[in-house]
Amino acid sequence: MSKSKTKMNDSCLVGRIEPCFNIQMTDRVNIALKLEQRDNLLEIVNIGKPAFLHEDHRWILPLLAWKQAEQAVPKPCSLVMFDAHHDALVPRNIAAIRGISRQGPSPEQVFDICDTQLSTSDDDWVIAGMELGLIKDAVVFGVTHYQPTEKHRVFHDSRGIEHRLWITCALPGESLGF
């Protein structure tokens, strides 16, 4: 089956999904190729905004770093996600990540962090993204199990910047339509 597909929604053309080899050549194209190989990254084209599909959650970080370097996404950005898990544990190697974050990491460095420093269970990437300056605040909808003390969390990165994390088991429902 070909990776290039057309997505339909209520008989309306939303966009076409293609391998990222079709992106415009830039000095960041290496990251797209690495993400295609590691995470099956696909780009949704013809919708007027950058949009991608990928598999493992932590690999959103090099994608964010790449698009933030191209100024296509704000840095830092707000994260809104839907997941049964909050993915916001403190990474076991937070000291190594802090050392890199002080330098203003490149997309390639963020890729290496995901590859070597973050959990393959994808449970610590949100805090890593905050520490790296990629994510400001996060809201996670649909979390099935969390402690009441986890619902509203604050994380201070090594630069002293406060990041807020809001976790809920509820889904936003129709409110996203406004």
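Let's start with a hairpin: strands S3 and S4 form one, with five residues between them. In its turn, Asn46 has a positive phi of about 65°. Everything described here comes from a predicted model, so please read the values as computed from that model.

**The hairpin strands**

The two strands of the hairpin, S3 and S4, pair in the antiparallel sense, and three bridges hold that pairing. One of the partnerships links Ile44 with Ala51 in S4. Strand S3 covers residues 42-45, and both of its faces are covered. On one side sit Leu42 and Ile44, on the other Glu43 and Val45, and all of these are buried.

**The four-stranded sheet**

Further along the chain there is an open sheet of four strands, in the order S5-S6-S8-S7, with mixed pairing. At its edges are strand S5 (77-82) and strand S7 (152-156), each of which pairs on one side only. From one strand to the next, the twist averages 15°. As general background, strands of a sheet pair through backbone hydrogen bonds, in either a parallel or an antiparallel manner. Here, S5 and S6 (residues 135-141) run parallel and are joined by five bridges. Among the bridge partners, Cys77 is matched with Ile135 in S6.

**Helix H2**

How enclosed is helix H2 (residues 60-69)? Nine of its 10 residues are buried, so the helix is largely enclosed by the rest of the structure. The buried residues are Ile60, Leu61, Pro62, Leu63, Leu64, Ala65, Trp66, Lys67 and Gln68. After H2 comes Gln71, which has a positive phi, near 60°.

**Two buried residues**

Two residues, one from helix H2 and one from strand S6, are set side by side below.

| Residue | Element | Relative accessible area | State |
|---|---|---|---|
| Gln68 | helix H2 | 6% | buried |
| Ala138 | strand S6 | 4% | buried |

What surrounds Gln68, leaving aside its neighbours within four places in sequence? The contacts of Gln68 are Val73, Pro74, Lys75, Pro76, Cys77 and Leu134. One of these, Cys77, is the bridge partner of Ile135 in S6.

For Ala138, with neighbours within four places in sequence again left out, the contacts are Leu79, Val126, Met130, Arg164, Leu165 and Trp166. Ala138 and Trp166 are 28 residues apart in sequence, yet their C-alpha atoms are 6.3 Å apart in space.

**The largest pocket**

For anyone with ligands in mind, here is the open space. The largest pocket holds about 490 Å³. It is lined by 18 residues, and those closest to its centre are His54, Ile60, Leu64, Leu79 and Val80. Strand S4 (51-53), H2 and S5 are the elements that give two or more residues to this lining.

Which element gives the largest share of the lining? That is S5, with six residues. By class, the lining has 13 nonpolar, three polar and two charged residues.

Several parts described above come together here. Ile60 and Leu64, listed among the residues closest to the pocket centre, are also among the buried residues of H2. Leu79, also on the list of residues closest to the centre, is one of the contacts of Ala138. Strand S4, another contributor to the lining, is the antiparallel partner of S3 in the hairpin where this report began.

Key. Residues are numbered from 1 along each chain as its sequence is written. This is a predicted model: local features need pLDDT of at least 70, side-chain atom pairs count only at pLDDT 80 or more; totals for chains, interfaces and linings use all residues. Side-chain values use heavy atoms; hydrogens and water are left out. Two strands pair if DSSP finds at least two bridges between them. Axes are lines fitted to C-alpha atoms, for helices over the stretch in contact, and angles run from 0 to 180 degrees between N-to-C directions. Buried means under 20% relative accessible area, exposed over 50%, partly exposed in between (1.4 Å probe, protein chains only). On a 1 Å grid over the protein atoms alone, a cavity is a set of points where a 1.4 Å probe fits but cannot get out, and a pocket is an open set with protein on both sides within 12 Å along at least five of seven lines; lining residues have an atom within 4 Å of a point. Grid points are joined across faces, edges and corners, and a volume is the space filled by probe spheres set on the points. Ala, Val, Leu, Ile, Met, Phe, Trp, Tyr, Cys and Pro count as nonpolar, Asp, Glu, Lys and Arg as charged, and the others, Gly among them, as polar. Contact means heavy atoms within 4.5 Å.
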